[in-house]
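Biologist: I would like a close look at a single part of this protein, with the terms explained as we go, since I am new to reading structures.

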Amino acid sequence: MSSTAEHQRPQMGLYKVVKEKTFEQHVIALQRIFRRNKLDAVKLHRKNLVDRVVFERSLLIGAFRLMTQGLIFMLLISALYLAGDSQTKKGIFDNLHSHFDFDYLETTSDTKDFGIAMKFIAEQSKEFFVLSSKYWRPDGGSVELLGPMTTFNAPQVIGKLDLSIQIPSFSFTAWVGIGPQFVRGYIARKRIKPAGDGNELACWGWHLSDTGGPALHYGAQDFFSFNSDERQERVVLERPAPIPRGEQSLLTMVVEHGDGGWTASFYRNLEWQGSAKLPRPLTDCFNNQEGVLVGDAGLTMGQLNFFPRALTVTHIEEIYTGGATLEDIATGSKPFRPVSSELEAIGRGLEGQNAAVLQAVSEQAPQNSLQLVLQEVAAATRAIVPELPPPDAPTGKILIDPTLRADETGREYTLLLEGPYRLTKPDVGGYRFFDPETFPSWEGQGMTITLWYRQEPCFTGSCGTYIFSAHPDGQESFGRCWDAWMETEAVFFDYIDDNAEWHSHYAQNIMDKKFHVNSNHWRHIAFVFDMETDDWLFYQDGALVYKTYFGSKVTEADARCGPGRMVTFGARFPGWTYGLEDDFYDMRMYVGKPISAHEMRAIADSTLPLAPLWMLRWTPKSEQTQEEWRGLAVMNSHLFKCTPIDGEQMLDSTWTDTYGHSCEWFFNTVKEHPRVCLSPDARRYCSVACKSLQECYSSVDPNQFKTHVLWDRIRRIEAKGSNGTICLGDDLRKEEVVEKCHEWRARDEWAPEAGDWLHDISQMLARRVNFTDCAELEAAINEHCAFDSAQVRAFTEDVKQQKGDYTIAFWVKPIGEASMMEDGRFVPHLSFASTVSPPEHQLSIGYYTTGLNGEIRSRSKCVPKLWENVEIKQARSDGWTFISWTRVNSTAGTEVGVQGYSVTNLARFHESAGHFYECFLNEDVMFQALEVNYPMLISPIVMVAAALPVATIQELYYNKFRLLQLRFGPLARLLLCALGFIHGAIHHIARAVRTRACRSS
């Protein structure tokens, strides 16, 4: 703009000063006011007025800024008071003047200096703000488990990190790449022990597989399953996407608790891979600060972070793009990085060396005793004369004595071959066959062949031979009109149909492997050609194994062979084809109607007609004579034939050898050292553990009965009331139970209704909750240990259908001095209450006047005023104890009568109850509540509507006992408190956190 324009328009200078277009309008308005009213004679200088207005405006703006900064400072001080724990705040407020320089702030009088001071305070406040990583709280902040990308050759331990997950929702994120050699492993895992059996298990762990994708493993410390050998929970995706090799991906696992329970969701980069329900809540464990394992062989990982909350998709996107959530970026916070001092590292090294020495010393004694047992077994084996085989079976044509004989049931049969014989391979061109002239004809009838059979050891998986084979008119090899092939895991037969065409039928995997004939025991087998149904049946050990249609008329099968039929045994005609060097004994042939199931059982259950010397392991140096050995063989015939699962011999005892080894030791050792079970005493007293007896085939499979289970994991039952804890079924509410108790007590007849219960508990020598005292009842109810009532109701209905037979089994373990009685012993006290008001218990386990080690008392609605009591063995005070109760009601009215027996670990106590038929006191549900009188750990309670044999129960004990050694229940807050105080002097921050958790509880 030109200078002329400036002279003509001097007011343009005003616009340059204020730089606001509307400011001139305000000035003109002020001039008009002054001129019109008070200063008409006085001409105000326009420049002075502008300076004054600008000053007043600047003063007003400055005052507002000063007030805002003061408010910010006051809010900062308030936040410091409200946020953080006492330990954090204490360190701040003791040093306020030195860190924030408040003395300078109080003495300053210049606005500029005040702004500088406020800026300094704002910078210093970041060092003390509660979100700062310097004052990270382990129970509320995120944790950086791994920083920069690292390639792993093996898992690494982040030592002394007590990362305890006791919150309903949490997340893990990590950048992961998998190498060519990676198959499966853990990204992060909290182990339950550093070495030995179970060190591969996880309290919780983020697992990864190259083909199975990510998974969550957890609960090794309290997981328990009666139906499988799983040792921890595994939450996997139904359709996992394989992880590409050679790429680095951001993997995320989010565990969240909602209305529908717990869910684990998995992400790769920004893509959702899937979600899966957790079968039960996730619990943590205390692993003695053994740390957390990260990485595995073949993994490249970095930025492994734990978040104590469920990350959203937005959070994951922020981490994927920016490396952290916007919240953390805005506050300047970052995950806590656990570090350990050099002194702690040295301490861990010394602890590890000390533990290795102690472990080596502790393992030396068991190894020495193992060697002693093996030496004794070797010496006993050398002193034994090898078992002599049966004589060779005759070759060529074998004449048959046509004289009919009577069997154990009175049925007549023809003895085809007595023996015993070993069907050795004959010379070239030789073969064995029955004389066609004397072999019985069964034309127009049915036929059954039975024999005792022992197969030679088979090392190829499955071996077989023709038990018998009939060839029409002497034809060789093919065209068999009737036969039976016996294989390790299958049976086979041929037939000729109405059109004279030859067919065959093959049945494989018809029985469980434990029933296979490939053993050193004699097995009774039978083949039935049923003339009434035209069926072909196969029996083993007196039980029906397989049944099918023969394919044509049974009564015409023998006629189709013709008069010159050739019947061979142990091989196929002619010669020794498809044969094995097996043993045959007492081969019988029944002609006519089929052998019934009852008759077949009687034949198979009979003692072997002969116990020849070759069945014995006799030595001339033995103290017994040959005749004494012969009598011993007859008495111990179960050693040479199969034994029923419920037989008296099929039972392990509490025997121990000279080194203190029990049957449990032999069961655990035989897997790695099979020869230990060659010990004669071990085979005799530990038949289940050493599998020295062959179990007879049984068509009744214990697994066919549905298993009902209470609780989904090991429960830690603490003391709720002074005399115990009551766990209710989930269909009962505490308020309703207490209200019903008051209503019942208000009735005049309450005392007579509780008479039986009061009389029963009067004989208890330990604590019992007084159900008649409603206040004590209310104090004892713990709603957090409720169980599934639907399981109990279904079990009750199943028991009714099984004529009252049932088995209940569980494990218990003390948790300290609180579990012990006044005399220092641990006796489990558990009662199954059928009703609460009035009180009645169906079963009660505890310390009664009649059982000093404890007993199980059973009551029955059918026999009022009485109970049945069966003793139990003393429970372990330093480990798990197995307890089972079996009721056999189905034999009521027979010579056997009603039976009841308890099994404590391996010890069985049996009681013949006669006519004490157990009827449930509550016909709808066996029990509504559980009463636990002393604190303890208790496994899920399994209930089966069947009287399980003791051997089956002992197998259950063996298979679960070793796994339970690692199971110590969910992490209890009380344990956390105690450990916090113990280690408080060493770890100050951990002690403060745990102490605060204890105070909050």
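Biologist: Please begin with one pairing and then widen the view to the strand around it: in E28, which residue is the bridge partner of Thr414?

Modeller: The bridge partner of Thr414 in E28 is Met589. Before going further, please keep in mind that this is a predicted model, in which local features need pLDDT of at least 70 and side-chain atom pairs count only at pLDDT 80 or more, while totals for chains, interfaces and linings use all residues. Residues are numbered from 1 along each chain as its sequence is written, and side-chain values use heavy atoms, with hydrogens and water left out.

Strand E28 covers residues 583–591 (strands, E, of at least two residues, and helices, H or I, of at least four, are DSSP runs numbered from the N terminus). Of its nine residues, eight are buried, so the rest of the structure largely encloses this strand (buried means under 20% relative accessible area, exposed over 50%, and partly exposed in between, with a 1.4 Å probe and protein chains only).

Three other strands can be followed as they meet E28, where two strands are said to pair if DSSP finds at least two bridges between them. Strand E16, residues 412–417, runs antiparallel to E28 and is joined to it by three bridges, and the Thr414 contact from your question belongs to E16's stretch of the chain. Strand E17, made of residues 421–422, is also antiparallel to E28, and two bridges join them; here Tyr421 stands opposite Phe584. Strand E19, residues 447–454, is joined to E28 by seven bridges, once more in an antiparallel arrangement.

Now return to Met589, which is the partner of Thr414 and is also the bridge partner of Ile449. As background for looking at such a strand, side chains in a regular strand alternate between the two faces of the sheet.

For contrast with this enclosed strand, look at two loop residues elsewhere. Lys334 sits in the loop between helix H10 (326–331) and helix H11 (342–382), and this lysine counts as exposed because its relative accessible area is 56%. Although Lys334 and Val143 are 191 residues apart along the chain, their C-alpha atoms are separated by 8.5 Å. Gly897, in the loop between strand E37 (881–888) and strand E38 (898–904), is instead buried, because its relative accessible area is 6%. From C-alpha to C-alpha, Gly897 lies 7.0 Å from Ser912, and the two are 15 residues apart in sequence.
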